[in-house]
Every structure is written in C-alpha cells, then in structure tokens.
Amino acid sequence: MSRGNLLSLQADERRAPLRTWTNACGPIDRFQPVEVEESRTAPVKMEPESRWVGLNEKAFLWSFSPCAADCCVEAPVLLYPHGMQGLHSLHTLVPSLLKHEVEMALENLDLIWDRTYAWDMFLDMMKTQMQYSFPNADLPRQFTDATRAILIEWIIQVHELLQFQEETLYLAIHLLNHSLRQLKVSVANLQLLGMVCLFLAAKKEESLLPEVSALCSLMDHTYTKHQLLRMERKVLCALKFDLSFSPPLHFLLLFASVARCSATVVWMARYLLELSLLEAQCVVFLPVQLAGAALCLARQVLQECPTPEGEAAWCLASSIHVGSEPTLLRIMHILASAAAKASSQETCATFIKYSSPKTLQVSRHPGLNNAAGLLSVYS
C-alpha cells in the first residue's frame with residue numbers, strides 16, 4: 001500500500017473525533033483506578049493547602065479577563081474542595097506531570113494524531129474558549145427562557161432520533177444561541193432555525209447526513225426545502241461562516257480522563273452538563289467552567305469511596321484553572337436545581353435519555369432529588 005493510501009485510510013479511521021468513546025463512554029477499565037508511578041506519589045515537602053499559583057504561562061494556569069459570569073479574575077481555585085490535607089504536595093511535579101497526563105488524555109480521546117502538538121492544542125482550547133460565552137443571558141424580546149427550553153428539548157429529541165454524535169448537539173445549541181442574538185427571527189420560524197442549526201452542526205461533525213427533504217418531514221412539512229436552505233444561508237452569513245467551537249464535553253472528558261474518574265461519574269457529569277443546555281443562564285459561562293462544575297457536582301452526588309491513587313489523580317486534574325470559586329458554585333447550584341426537577345418538567349427528554357441502562361440510569365440516582373443537600377459541603 002502506498003504512503004498516500006495509508007494516510008488516507010488513517011484519516012478515514014479518525015474522521016470523527018471522540019465518536020466511539022464519547023457515545024460508549026469507552027472501555028470501562030479506562031476509568032478504573034490505575035497504578036500510579038512511584039515518582040507521582042513520592043513524598044516531598046508538605047505545604048499547607050497549596051493552590052499552585054505563580055507558575056509560568058506554560059504551566060496551564062490562566063488568568064482570565066473579567067467576564068459577565070461573576071468574578072473570573074479571582075485567584076484560581078482547585079476543583080479539589082478539601083484542599084491538600086492528607087496528600088503529598090505535588091507542587092514541584094505538577095507542571096510536567098499535568099502536561100504528560102493531558103497529552104495522554106488527548107491521545108486516548110482521539111483528539112490528536114501526534115502527541116507532539118497535544119499540549120499546544122490544549123493551551124489553544126483554553127485560550128479560544130473565551131469567545132464562546134455571552135456577556136448576558138438576555139434573549140430577544142419575543143422569546144422567553146421557556147420558549148428556548150422547549151426548542152432545545154425538541155432539538156435533543158431530533159438529535160437522538162437521527163443518532164448524531166454528542167459534539168453535534170453541543171455545536172447546534174452553540175449556533176442557536178448565537179443566531180438568536182444576531183438574526184431577526186419570528187416565533188413562527190423558531191423551529192426552522194433550530195433545525196438549520198442542527199443541520200449545520202451535522203455538516204461539520206457527521207460523516208453521513210440526512211436528506212433535506214427528510215428534515216422537512218421531521219417538521220411535519222411546515223417549512224419547504226427552499227425555506228430551510230434560505231435560512232441556512234442567513235445563519236451562515238450572520239455567523240460569518242464561523243462554526244468553530246470547543247464544546248464543554250471535550251473539557252469534561254479530558255478532566256475525567258486525567259482524574260481517573262469512574263464510568264458512573266462520567267455519565268453523571270455528562271447528564272448534568274447536558275441539562276445546562278436547557279438553562280438560558282448558563283450561556284454566560286465558559287465551556288471549561290461548565291465542565292468543571294458538572295464533574296465536581298457528579299462526584300458530590302455519587303460519593304464514591306476514595307482511593308489514594310484516585311485522590312492524587314483528582315488533585316492533579318484540579319490544578320487546571322477553570323474559574324473562581326463563586327462562579328463554580330453558582331453553576332453547581334444551577335445544575336443541581338435543574339437535576340432535582342428534571343423528571344417533573346415538560347422538557348424531560350434529557351432525563352429520559354440518561355435513564356437507560358446504556359447510561360447507567362444516572363438520571364434516576366436518588367442523590368439528585370435534593371438540590372440543597374447536594375451542595376451543603378460547598379456552601
């Protein structure tokens with residue numbers, strides 16, 4: 001086989017990043033505690049509750065500029081809520097160790113082809129995500145948060161019916177959030193806009209696409225093929241053909257891989273993260289903040305028995321600056337409230353989706369019923 005054909009075959013095999021692992025949550029043993037190298041847990045000088053500030057730029061801690069999502073300029077906090085007590089300080093090992101773990105995680109998630117550029121890609125993801133949030137959660141006057149939630153609920157159902165990848169859903173909602181603020185769309189054409197955003201996201205993420213006529217049939221032929229294609233052109237022009245997006249799902253899976261989280265924790269975090277799509281107030285937060293808060297809350301809900309290796313891995317993942325403590329707590333309260341009422345809401349597609357055996361029935365976990373109790377430790 002020639003070199004050109006071999007490269008083409010490799011490209012086809014990796015055409016859809018994260019597809020297999022994102023939807024199947026990967027082999028179960030990928031999330032099981034692993035044996036930690038001696039150098040990783042070797043005793044070093046103890047420091048009281050080190051927050052690992054003052055590292056250089058390449059050491060992964062970012063000083064975010066002020067944003068609407070609370071005070072993002074506060075000192076970085078750890079996702080590890082109880083500090084470093086009882087664990088050996090990894091202050092001197094963190095930069096190189098985290099870089100190695102991030103590179104391995106990106107490679108395992110099929111987000112990269114060559115580990116040489118893994119760390120640079122991670123830094124770029126952290127930088128470019130700043131453009132993916134909004135200064136406020138205000139919608140055009142003719143729309144309400146309830147209207148938006150109903151539309152997203154319908155998009156989630158269509159997304160599941162068409163068996164699209166999870167990245168497609170997050171990109172579709174991202175495009176919808178932008179389009180609602182940049183286009184003048186009547187309430188009568190709101191469903192058409194939602195379908196167009198899902199169609200554009202599928203063009204970017206999927207290998208196989210449905211026919212336009214099939215999409216019209218999913219809308220009971222309320223709109224014609226010509227109307228759908230015309231709306232597609234309007235959306236692309238309004239977005240200046242920019243479909244780039246680093247979804248919070250990628251950050252979530254990356255953090256979970258570095259932290260050696262169990263499959264149950266990952267599914268719970270994914271459920272909470274998808275609930276954030278229905279919450280209009282979550283658009284002001286960065287993707288990395290949503291991912292970090294969802295993972296923290298998932299651990300708090302499940303209360304799995306800690307292990308020394310697992311706590312060390314979680315502490316390492318927690319060194320990544322995802323936002324200020326008030327911001328994370330605010331997101332966690334939003335997600336906890338959404339999870340507590342998810343089963344009784346009209347918009348319950350996500351609850352049903354994550355109540356299946358495939359997703360380990362995480363949406364039915366009894367710990368989700370009491371939103372106030374979930375965050376008592378943090379409050």
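Here is a short walk through three spots in this structure, which is a predicted model.

Let's start with the hollow space inside. The structure holds 2 cavities of 30 Å³ or more, and the largest has a volume of about 210 Å³. If you want to find its middle, look for Asn177, Phe245, Leu277, Cys282 and Leu290, which are the closest to the centre among the 19 residues lining it. Two helices, H7 (166-182) and H13 (287-302), each put at least two residues into that lining. H7 gives the most, with 4 residues. As for the character of the wall around this largest cavity, 14 of the lining residues are nonpolar, 3 are polar and 2 are charged.

Next, hop over to Glu103, which you'll find in helix H4 (residues 94-108). Here's a charged side chain that is buried and yet has no salt bridge. The nearest side chain of opposite charge belongs to Lys99, and it sits 4.5 Å away. That falls outside the salt-bridge cut-off, because a side-chain nitrogen of Lys or Arg has to be within 4 Å of a carboxyl oxygen of Asp or Glu. Leaving aside residues up to four places away in sequence, Glu103 touches Ile112, Arg115, Ala118 and Trp119.

Finally, take a look at His221, in the loop between helix H9 (212-218) and helix H10 (225-238). Is His221 buried or exposed? His221 counts as exposed because its relative accessibility is 57%, and the cut-off for exposed is over 50%. His221 does have some company: with residues up to four places away in sequence left out, it touches Ser213 and Cys216.

Notes
Residues numbered from 1 in each chain as written. Predicted model: local features only at pLDDT ≥ 70, side-chain atom pairs only at ≥ 80, totals over all residues. Heavy atoms only, no water. Buried < 20%, exposed > 50% of the residue type's maximum accessible area, 1.4 Å probe, protein only. Lys, Arg positive; Asp, Glu negative; His and termini not counted. Contact = heavy atoms within 4.5 Å. 1 Å grid on protein atoms, 1.4 Å probe; cavity = no way out; pocket = protein on both sides within 12 Å on 5 of 7 lines; lining within 4 Å. Points joined across faces, edges and corners; volume = space filled by probe spheres on them. Nonpolar A, V, L, I, M, F, W, Y, C, P; charged D, E, K, R; others polar.
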